[in-house]
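Here's a quick tour of a protein chain for anyone new to reading structures. Have the picture open and follow along.

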Amino acid sequence: MVINPVSKNLSENHPINFKSRIVPTEHVKNIIDNAALNVLQAENANYGSGVIIALNSILNDGKNDTVKIDAHEKTGFGYNTPLGTDVFVNGKLVMDNYVDNLLKDEYEIAKEIYSDFDEFAFNKECAEDALLRFTEDRTNEKIDGTILSKHELEKINPFIKNIQSIDPKSPTIVSGIKDNLHKINQTLLENSINELQCIKEKIFGK
């Protein structure tokens, strides 16, 4: 985790006259839901940061565009549906996802081992990667999900101050630091889930 007061909203430094619209497709829903699931499973807010940055940068870009993300499964030799997936943004190919034999083998093994294996996980990951790539090309800025936003820093600032105020000679210094670090992590997790839910409601409605 990098604690740095740099905003995750790529459009924050630009005046906003209009807001672009993201078409509420199933692929966008999958991207958001998958990001939230990754945050919860990994207990790491960074797993949702890239999606939050990308979608917020489109929704608050000061433009008046419509952005539509589509994913089309490939068929034929060398591809294994649903792993072979092309991702388009506004009809333009953003990611050509070729699947080699090793990946296909790993996929089949995973299905055998995990009864609840999500066969569309690769679709979601591919679409998420395409979203990040599209956003970086659109803004000419690199997405760094490890840098905390100003909003996140404000949320965890009380716990940082608590750590800084601990007496180095205190016998409870270790437990005090651990407790505040845990609170920082939980706050960032909750904030990430809330932001993803808020973005989802903006795109799909409540």
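What follows is a walk from the whole chain down to single residues.

Keep in mind that this is a predicted model. The chain has six helices and five strands, and much of this briefing is about helix α6, which covers residues 173–204.

**The whole chain**

- Reading from the N terminus, you meet the elements in the order β-α-α-β-β-β-β-α-α-α-α.
- The chain has 206 residues, and 43% of them are buried.
- Take the contacts with a separation of 6 or more: 71% of them join residues 24 or more positions apart.
- About 12000 Å² of the chain is accessible surface, and carbon and sulfur atoms hold 51% of that.

**Helix α6: its span and its buried side chains**

- How far apart are the end C-alpha atoms of α6? They are 46 Å apart, and this agrees with the 46 Å expected for 32 residues at 1.5 Å a residue.
- Quite a list of residues is buried in α6, including Gly-176, Ile-184, Leu-188, Leu-196 and Ile-199.
- Polar names turn up on that buried list too, among them Asn-180, Thr-187, Asn-191, Ser-192 and Lys-200.
- An α-helix has 3.6 residues a turn, so residues three or four places apart point the same way. Try counting along the buried residues of α6, such as Gly-176, Asn-180, Ile-184 and Leu-188.
- What do the buried residues of α6 pack against? Their partners are β1 (21–22), α1 (26–42), α2 (46–59) and α5 (150–165).
- Just past the end of α6, Gly-205 has a positive phi of about 85°.

**How α5 lies against α6**

- The axes of α5 and α6 come within 9 Å of each other and cross at roughly 170°. That angle is over 145 degrees, so α5 counts as roughly antiparallel to α6.
- On the α5 side, the residues that meet α6 include His-151, Lys-155, Phe-159, Asn-162 and Ile-163.
- On the α6 side, the residues taking part include Ile-177, Asn-180, Ile-184, Thr-187 and Glu-195.

**How α1 lies against α2**

- α1 and α2 pack at about 150°, and their axes are 7 Å apart. This makes α1 roughly antiparallel to α2.
- Who makes the contact? From α1 come Ile-31, Ile-32, Ala-35, Asn-38, Val-39 and Ala-42, while α2 brings Tyr-47, Gly-48, Val-51 and Leu-55.
- The crossing of α1 past α2 is left-handed.
- α1 passes the span check as well: 17 residues at 1.5 Å each should cover 24 Å, and its end C-alpha atoms are 24 Å apart.
- Buried residues of α1 include Val-28, Ile-31, Ile-32, Ala-35 and Val-39.
- Right after α1, Glu-43 takes a positive phi of about 50°.

**Three residues to find in α6**

- Asn-180 sits in helix α6. Is Asn-180 buried or exposed? Its relative accessible area is 7%, so Asn-180 is buried.
- Setting aside residues up to four places away in sequence, Asn-180 touches Phe-159, Asn-162 and Ile-163. Those three residues also appear in the contact between α5 and α6.
- Ser-192 is another α6 residue, and it counts as buried at 2% relative accessibility.
- Beyond its neighbours within four places in sequence, Ser-192 is in contact with Val-39, Ala-45, Gly-48 and Ile-52.
- Ile-203 belongs to α6 too, and its relative accessible area of 9% makes it buried.
- In sequence, Ile-203 and Ile-22 are 181 residues apart, but their C-alpha atoms are 6.3 Å apart in space.
- Not counting residues up to four places away in sequence, Ile-203 touches Ile-22, Val-23, Pro-24, Val-28, Ile-32 and Leu-59.

**One residue to find in a strand**

- Val-67 lies in strand β2 (residues 66–67). With a relative accessible area of 1%, Val-67 is buried.
- Val-67 and Arg-21 are 46 residues apart in sequence, with C-alpha atoms 6.2 Å apart in space.
- Apart from neighbours within four places in sequence, Val-67 is in contact with residues including Arg-21, Ile-22, Ile-58, Val-89 and Phe-134.

Note on methods
Residues numbered from 1 in each chain as written. Predicted model: local features only at pLDDT ≥ 70, side-chain atom pairs only at ≥ 80, totals over all residues. Heavy atoms only, no water. Helix = DSSP H or I, 4+ residues; strand = E, 2+ residues; numbered from the N terminus. Expected span 1.5 Å × (residues − 1). Buried < 20%, exposed > 50% of the residue type's maximum accessible area, 1.4 Å probe, protein only. Contact = heavy atoms within 4.5 Å. Areas by Shrake-Rupley, 256 points an atom, 1.4 Å probe, with all protein chains shown as cover. Axes fitted to C-alpha atoms, helices over the stretch in contact; angles between N-to-C directions. Parallel < 35°, antiparallel > 145°, perpendicular 65-115°, else oblique. Left-handed = near helix turned anticlockwise from the far one by under 90°.
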